[in-house]
Amino acid sequence: MILWMKTEEMALGELLERLRTVTQSIDEIMQLDTSPLRAADITPDLKRQFAFLSGGRGDNGSPIIVFPEFPAFGEITEREFHNVLTYLTSVPSLSSTDVGFILVIDRRQDRWAAVKGTLLRIAGSFPGNLQLVLVLRPTTLLQRTLSDILFKFNKDEFKMKVPVIMLSSITELHSYIDRTQLTQELGGTQEYCHEKWISHRTAIEGFALMVKKTAQILQSFGTELAEIELPNEIQATTILLSTHTNKKDKMKEDLHVALGQGSRLLESINEPVVRDPDHNMNQDELENLATVQRLLSQLDETARAFDEFWVRHQTKLEQCLQLRHFEHNYREVRALLDQVSEKLATFSEVGISPAHADHIFCELHTYEERLCEVLDKALSLAREGDELIQNSHYAEDSIQPKCSEVRVISENVSSNLKAKKEHLIKAMELHRCLERASKWVDDGIYLLASQPVDKCQSHEGAELALQELERYLENAGQNQLTDLSTIWREYEAVLNQQLRDQVEKVFQKQTSMQEMFDKRRVSLKKLAAKQTRPVQPVAPRPEAFIKSPLSSPAHRAQQEKNCSETNSGNNCEKGNGQLQNGDSNSRHASLSEEEENLAVLRRHVMNELLETERAYVEELLCVLQGYASEMDNPAMLPLMPAPLQNKKEVLFGNMPEIYHFHRRTFLRELEQYTDCPELVGRCFLERMTDLQIYEKYCHNKPRSESLWRQCSDCAFFQECQKKLEHKLGLDSYLLKPVQRITKYQLLLKEMLKYSKSCEGADDLQEALTSILGILKAVNDSMHLIAITGYEGNLSELGKLLMQGSFSVWTEHKKGHAKVKDLARFKPMQRHLFLHEKALLFCKKREENGEGYEKAPSYSFKQSLNMSAVGITENAKGDNKKFEVWCNSREEVYIVQAPTAEVKTTWVNEIRKVLTTQLEACRASQQRAPEPVFQFPPVPSGTVSLSPFKSGQKSFKRGEEKKAEPCSPDVNSSSSPKSTGKGSPTSPDHKTKRQSDPTPFGFKGWNKASLSLDASEEHDGYSSAEDPLNSDPEDDNGKKLCAGKYTVMADYEKGGAQELSVKSGDMVQLVKEGDDGKWFVRNLSTSKEGWIAAANLMKLIGKSKSCQSLTSSGSGSGNLSTSSSCSETYTSFSDIKP
C-alpha cells in the first residue's frame, strides 16, 4: 500500500510539473509578462488602421510597421496611439524585436505639419527599439520644399537615435526595403488583409488563454484529487468516484474543445497555402503558424499527463470502493457465521421420541440449507479477497488476514454441522431401535391377548397357538434390544438421562414380554402334550359290557392320571375347578393387556394432537407477526404494491381470532386431557360453537387467494419470507387453518378407534359427528355462496342439507296431452341444493384460473317448494334414477345420480324432510278436525311422499335398527319381501312400481323404515306397505361371529389399516369394531387388518371350509361350525399373558 501511494505521489508530481511548464511556455509564447494587452482588448483601435504590421521584414529581419496615410492622425489620442504601438511591438518574436523595428511613414498626400506631428509622437512614445525610420514626404512642390527646409531646421526636435530618411518616391523606398516585403499600397507585392490579421491574432490569443486556463484547471483538479482523503463508507466512496469521474469527463470535454479550436485555427492560417500551393507566407503568418502548433503540442502533452494521472487515481478509487465492499461483506459474513454458530449450538437435543428426533433432524436439515448459503458466501468472500490481492490491491495487508479468518471459521462451522448431523443420526438410530423394540413388544402383547383361550383347549388349537408364538419369536430379528452394556457402549455419545430411562424402560418391557411368552409356550406345550398322549389299549372283560363305564379300571386310571397332571389333589372335580379358574384368569389377563395396548395407542394419538396443536399455534403467530404486522410497518410500505395496501383483513381473514382462540383457550383445555385422552371428546363438544369461526375463514379464502395471486411476486412478501427464513411462501401458511380443521376429524377417528369400550366413547363419536358437520357446512356454504341469479333470500329456505351434481330430465303434462321436453333425450347437467323448504336446480359453470379462482359458480334455474314435492324412489329401471314431482305429477324431474349410493342418500334425506313435514301436518290434524283431501290419480307401483309442511327430525341409527315395522291399516300387500337390498332389476321392479298417491292415507306410518344411513340398511323407501323393498330385518338376517373362514373372492384394501385377501386364503375373524368393521387375521400370510362387515359378507358368505353363514327363516342368523370339536376340560391356570 505504501509503495502504491508513493507511485501515486510521483504521478501527481509529474503531472503538476508538466502543467507548470505548459503555463510558462504559453506566457513566453504570448509575451504575457511584457505586454498584457490582447487584440480583443483594443480591437476598435486596431481597426482604425493608423498603424499595422504588414508582415514584411528588412534585410536584417527587422519587423516593418507601416503608418499609412491617415488624415485624422492628429485626432488619435495618446492612449490609443500607445496601446496600438505597444501591442504591435509585442507581436513579433523576441529575436526579431531585439534587432529593432523599421517604420514606414506614408505622408505623400499630407502636409509637413502632419509629418512633423507623426515623428514627434513616434519619438515621444514608441515602446520598442527602432532601427530605421522611412518617411514618404508630401508630393506637392510646396510641401516637399517646406519639408526639406523645415526637416533640416527641426531635426533636433525629434530626438531620435536612429536615422530618419525623407523619401520623395516609392522607388527610393524600394532601395531600402525589398518590394516583396512591402504591401501593394507601397508598390510591393505582399498581400495583406487587416481584418484577417486582427481575426487571426484574436483567435490565437484566445486559444492560448484557453490552453493556459485548461492547464491551470487540470493543475488545480490534480492537486484536489491527490489531497482528498478516502472515505470509509461504500456510499461515500461511490459518490466520490462518481464526482471525480464527472469532473474528469468535463476536463476531457474541455480538452477536446480546445484541441478542436486549435485545429480549426491552424487550418485557417494554412488556408492560403491550401488554396494556392505557390503562396509564400510572410514572416508574421509563419510565426502565427508556429505559435498555434506549439500551443497544440503543449495541449497534447497536458492531456497525456492528465490521462496517466487519472488512470492511477481512478484505480485507487475503484480499489478503495472494492475494499469498502469487501469490508462490508466481511462484516455481514462474520455476523452470519456467528449467528449460525450460535444457532447450531442450540441443536444439542437428541429428542424424546423418533418423531421428535426426526423433527429436530429435519429442522437441522432445513437449517443446513441456510447454513450452506452462509458458508458459500464466506468462501465467495475469501475468493474475492484473493482476487483483489492478485490484482495488486493497495490494501493487501488488510485483506489477507480477513480471508484467512473467514476460512478458519467456515471450516469450524462446517465440521460442527457434520458432527451435529452424525450425533442426531446416531440418536435417531437409537430412537428407531427403541421404537422397533417397543412395537415388537406391543405386538407380542397384543398377540398374547388376541389368542382365544377356548380354542387352545384342543390339540389343534394349542399347536396353532404355539406355532404362532414360535414364528413371532423367530421373526424378532433386529426388533429386540441386545444387552444394555452394548447399548451403553455403542450410543454413549448421545445418551442423556432421559434417553437412558427410555432404554431401560423398553428393555424391562421386553424382558417382561419374553417372560410372558415363555410361560405361554410352556402352558401351550403342556396342553398340546396332553391332547396327543396316546391311551394304552386294555383288553375288555366280559363284565365290562354290563358294568357302568364310570366304574371301569381304565376309566379310573385315566381319571386319576388326569387329576395328577393338573396338580389338583385327589379328585378330578377339583381339577376341573382349577381349569375354570385358570381359563378365567387368562381371559382377564388378556383383556388387561389389550386395554393397556389401547391406552398406549390413545396416548400416542393425544401426543400427536397436542404436538400438532402447539406447532399450529406457533405457525399462526409466526404468520401474524412476520406478515400481518409488517403490513402496518411504515418502513415496509414502499415494498407493498397498491392492490395490497390496506387489505390485511382480506388477506388474513379472521386468522387473529382463530389464533387467540387456540392459544388462550383450546390448547390449554386440550392439555388438561393429557392423562385421560379418551375423554378429549368433551373438550371438542364444549368448544364446538367456537370452532365455527373456521366457516368465516373459509368464506373469505377465495378473496384471500385472489389477492395473493395478484401480489405474490411483490418485494414485500419476499422480504418477509426472507426475514422469517421460511422455505414455503405465505400461501402455504394461509392454508393451515383449512388443513387444521380437517385434521381434527382424522385424530378423533383414531382416538375413537382405540376408545370404543371407554367412558368417553359416546362423546368422541358425537364430537366426530359435529366436526364432520362443520366441515360439511363449510363445504356446502362455499357452494351456496356461488349461486347467482336467485332473486330471493337463500337464508329463508332453511338449512342446506345436501348439494351435488346430477343429470336431469324433465317431463311435463299440459291438459290431456303429454309433452316431453327436448332435454328428455339429452339430459341437463344440474347442481341440486336441498334445503329444508325448497329444492334448487342450478347450472354449474366452471371458471377459468387457478386455485380458488377456478371455483365453479352456479346459475339458478328452478326452485321447487318442499311442501308441494313428491318423490318416486325407483324410475325407469335404473337404480341410479329417482323422480321428483309436484302439482299432481304435472311437473316431473327425473334425476340420475352418479352412483346408486348417492341416489340412496339423497332419497333418504328428501324422505326425512317430507316425513318431518308429514308429522307436523298430523300434529296439526290432531288439534283440528280432519279435513278431506282430494288426490289426483297416479300410476300404480310408485312409492311417493308429498307432505305440505317442512320440518326436520333427527333419528339415531341405534333407534332405527331397534324399531319394529308397523302393520299398515290399509292397502296391506301380501307380496313376498325381498331377501336382499331392493334392486331395480328384480322381477318386482321390472313389472310394476307401487306408489302411494295419498301419503296421509296411511294411519299406521312405518317410522322404523326411516333410516339415516340408507346405504347400510336398505335401498329406496322401505315401508311396510311396499312389497318391492326389503325389510330392515332381512338385511340383518345374516350375522358374522368370530371364527375361521375360507375367502371366496379377492379383495384389495382401501385404506392403510385395511387388509387385502386373496381367494382361497384362510382368515380368522378376531373381533368386531363399533364402526361396522371386523379385525381380521390372514392365517395364510400372517397379516392383520380391518375389513368392513358388508365386504366380509361377500367374501366369506359361501365359505364352507371351517364355518358357514346360515340364515333362519325368521331372519335371525348365526354361525354354526361345520365340524364337531371334542372339548376336554384341562387346567389352563398356568397360562399367563
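In the predicted model, Trp1078 faces Ile1091, a residue of strand β18. This pair belongs to a longer contact, since strand β17 (residues 1077-1082) and β18 are joined by six bridges and pair in the antiparallel sense. Both strands are part of an open sheet of four strands, arranged in the order β15-β16-β17-β18 with antiparallel pairing. The edges of this sheet are taken by β15 (1043-1046) and β18 (1087-1092); each has a single partner strand, so one side of each is left without a neighbour in the sheet. From one strand to the next, the twist averages 35 degrees. For β18, then, the single partner strand is met through the six bridges to β17.

A second open sheet offers a useful counterpart. Strands of a sheet pair through backbone hydrogen bonds, and the pairing may be parallel or antiparallel. Here five strands follow the order β1-β2-β3-β4-β5, and the pairing is mixed. At its edges stand β1 (52-57) and β5 (164-167), each with a single partner strand, so that one side of each has no neighbour in the sheet. The twist in this sheet averages 25 degrees from one strand to the next. Strand β4 (residues 130-136) runs parallel to β5, and four bridges join the two. Within this pairing, Val135 has Met166 of β5 as its bridge partner.

Helix packing comes next. A pair of packed helices is described by the angle between the two axes and by the distance between them. Helix α9 (residues 194-227) and helix α10 (residues 234-269) have axes that come within 10 Å and cross at roughly 160 degrees. The two helices are therefore roughly antiparallel to each other, and α9 passes α10 in a left-handed crossing. Further along the chain numbering, the axes of helix α12 (residues 283-345) and helix α13 (residues 354-390) also come within 10 Å, crossing at roughly 150 degrees. This angle makes α12 roughly antiparallel to α13, and their crossing is left-handed.

The pair formed by helix α23 (residues 693-711) and α26 packs at an angle of about 140 degrees, with the axes 10 Å apart. Angles over 145 degrees count as roughly antiparallel, and α23 and α26 are therefore oblique to each other. In handedness, α23 passes α26 in a left-handed crossing.

Helix α26 also leads to the interior of the model, where it helps to line a cavity. Rolling a probe the size of a water molecule over the atoms shows where empty space is left. The count comes to four cavities of 30 Å³ or more, and the second largest has a volume of about 50 Å³. Its lining consists of Val605, Met606, Leu609, Val680, Phe684, Tyr744, Leu747, Leu748 and Met751. Three helices, α19 (572-628), α22 (680-686) and α26 (736-753), each supply at least two residues of this lining. The largest share, four residues, comes from α26. In chemical character, the lining of the second largest cavity has nine nonpolar residues, with no polar and no charged ones. Helix α26 thus appears twice in this account: it packs against α23, and it gives the largest share of the lining of the second largest cavity.

How values were computed
Residues numbered from 1 in each chain as written. Predicted model: local features only at pLDDT ≥ 70, side-chain atom pairs only at ≥ 80, totals over all residues. Heavy atoms only, no water. Pairing = 2+ DSSP bridges. Axes fitted to C-alpha atoms, helices over the stretch in contact; angles between N-to-C directions. 1 Å grid on protein atoms, 1.4 Å probe; cavity = no way out; pocket = protein on both sides within 12 Å on 5 of 7 lines; lining within 4 Å. Points joined across faces, edges and corners; volume = space filled by probe spheres on them. Nonpolar A, V, L, I, M, F, W, Y, C, P; charged D, E, K, R; others polar. Parallel < 35°, antiparallel > 145°, perpendicular 65-115°, else oblique. Left-handed = near helix turned anticlockwise from the far one by under 90°.
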